[in-house]
Amino acid sequence: MSQAKKNTTRRSAKGQVFIGICLATSLVACEAEYTPKPKGYNRIDLPTAAYQPLQDEHPYMFEFSQHAKVRPDSSGIAQPHWINIIYPALGANVQLTYKDLESEQMLNDLIEDARKLTAKHQIKAYAIEESEIRTPAGDVASVFELEGEVPSQFQFYVTDSTEHFLRGALYFQTATQNDSLAPVIEYVKKDIVHLLNTLEWKEQQR
């Protein structure tokens, strides 16, 4: 083999090695720069909390969000003073059911029913946290926070133990997973706590 051919062969081999190194470097660089992107959720803009007094004629009164509307419960089982607090922009609905207490036994039955309704979510809930709070008016409220893909993430009942019993449950009219709804759930939960803190009973005419 002539010297010229040897030089050409060496240059060709060096070129192939160089190309191989460049390709390998390129692949390593691509692998180093690539990172899986976290699952994204639609952005939800939450309005600043502001409240207004309930004006309707009910045995109770409280303050609720200015970004919500109060509508009578139109279901087939609705009773007087059952209402829905609807958040049109958030797809949220706080259902309120009211009972005029007639006896201590009735109170015990209503509390048992409220606990049973919460317990129905145990199949899908991986945690149910119960807490008890005393409102500024001196009433005792039991609050249930549910975690997991449950239809109702927050429930409560409040009573003066003698005349009034009010139960509430938060629902969303959407198939969105609760993880992505977490900011909205927390937002409405704060509104519910404000409702409880401003709750007052009206005198009953018996």
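A residue counts as buried when its relative accessible area is under 20%. Phe 165, at 3% relative accessibility, therefore counts as buried, and we will come back to its ring partner below. Do keep in mind as you look around that this is a predicted model.

**Overall layout**

Let's start with the whole chain. The protein has three helices and eleven strands, and along the sequence they follow the pattern α-β-β-β-β-β-β-α-β-β-β-β-α-β. Of its 206 residues, 33% count as buried. If you take the contacts between residues at least 6 apart in sequence, 48% of them join residues at least 24 apart. The accessible surface comes to about 13300 Å², and carbon and sulfur atoms account for 53% of that area.

**Aromatic pairs**

Five aromatic pairs are found in the structure. Among them is the pair of Tyr 60 and Tyr 98, which is tilted, with 5.6 Å from centre to centre and 50° between the planes. Because Tyr 60 sits in strand E2 (residues 60-61) and Tyr 98 in strand E6 (residues 92-100), this pair ties together parts that are 38 residues apart in sequence. Where do these two rings lie, buried or exposed? Tyr 60 has 0% relative accessibility and so counts as buried; Tyr 98, at 4%, counts as buried too.

Tyr 157 and Phe 165 make up another aromatic pair, this one stacked, with 5.5 Å between the centres and 20° between the planes. Tyr 157 has 6% relative accessibility, so this residue counts as buried, and its partner Phe 165 is buried as well, at 3%.

There is also a cluster to look for: ring pairs link Tyr 60, Phe 62, Tyr 98 and Trp 201. Tyr 60 and Tyr 98 thus appear again here, this time alongside Phe 62 and Trp 201.

**Two loop residues with positive phi**

Now for the backbone. Which residues other than glycine have a positive phi near 75°? His 81 and Ser 161 are two to visit, and the table sets out where each one lies.

| Residue | Phi | Loop between | Relative accessibility |
|---|---|---|---|
| His 81 | about 75° | strand E4 (69-72) and strand E5 (83-87) | 28% |
| Ser 161 | near 75° | strand E9 (152-159) and strand E10 (164-172) | 46% |

Partly exposed residues fall between the 20% and 50% limits. At 28%, His 81 therefore counts as partly exposed, and Ser 161, at 46%, counts as partly exposed too.

Technical notes
Residues numbered from 1 in each chain as written. Predicted model: local features only at pLDDT ≥ 70, side-chain atom pairs only at ≥ 80, totals over all residues. Heavy atoms only, no water. Phe/Tyr/Trp six-rings, centres within 6.5 Å; stacked < 30°, edge-to-face > 60°. Helix = DSSP H or I, 4+ residues; strand = E, 2+ residues; numbered from the N terminus. Buried < 20%, exposed > 50% of the residue type's maximum accessible area, 1.4 Å probe, protein only. Contact = heavy atoms within 4.5 Å. Areas by Shrake-Rupley, 256 points an atom, 1.4 Å probe, with all protein chains shown as cover.
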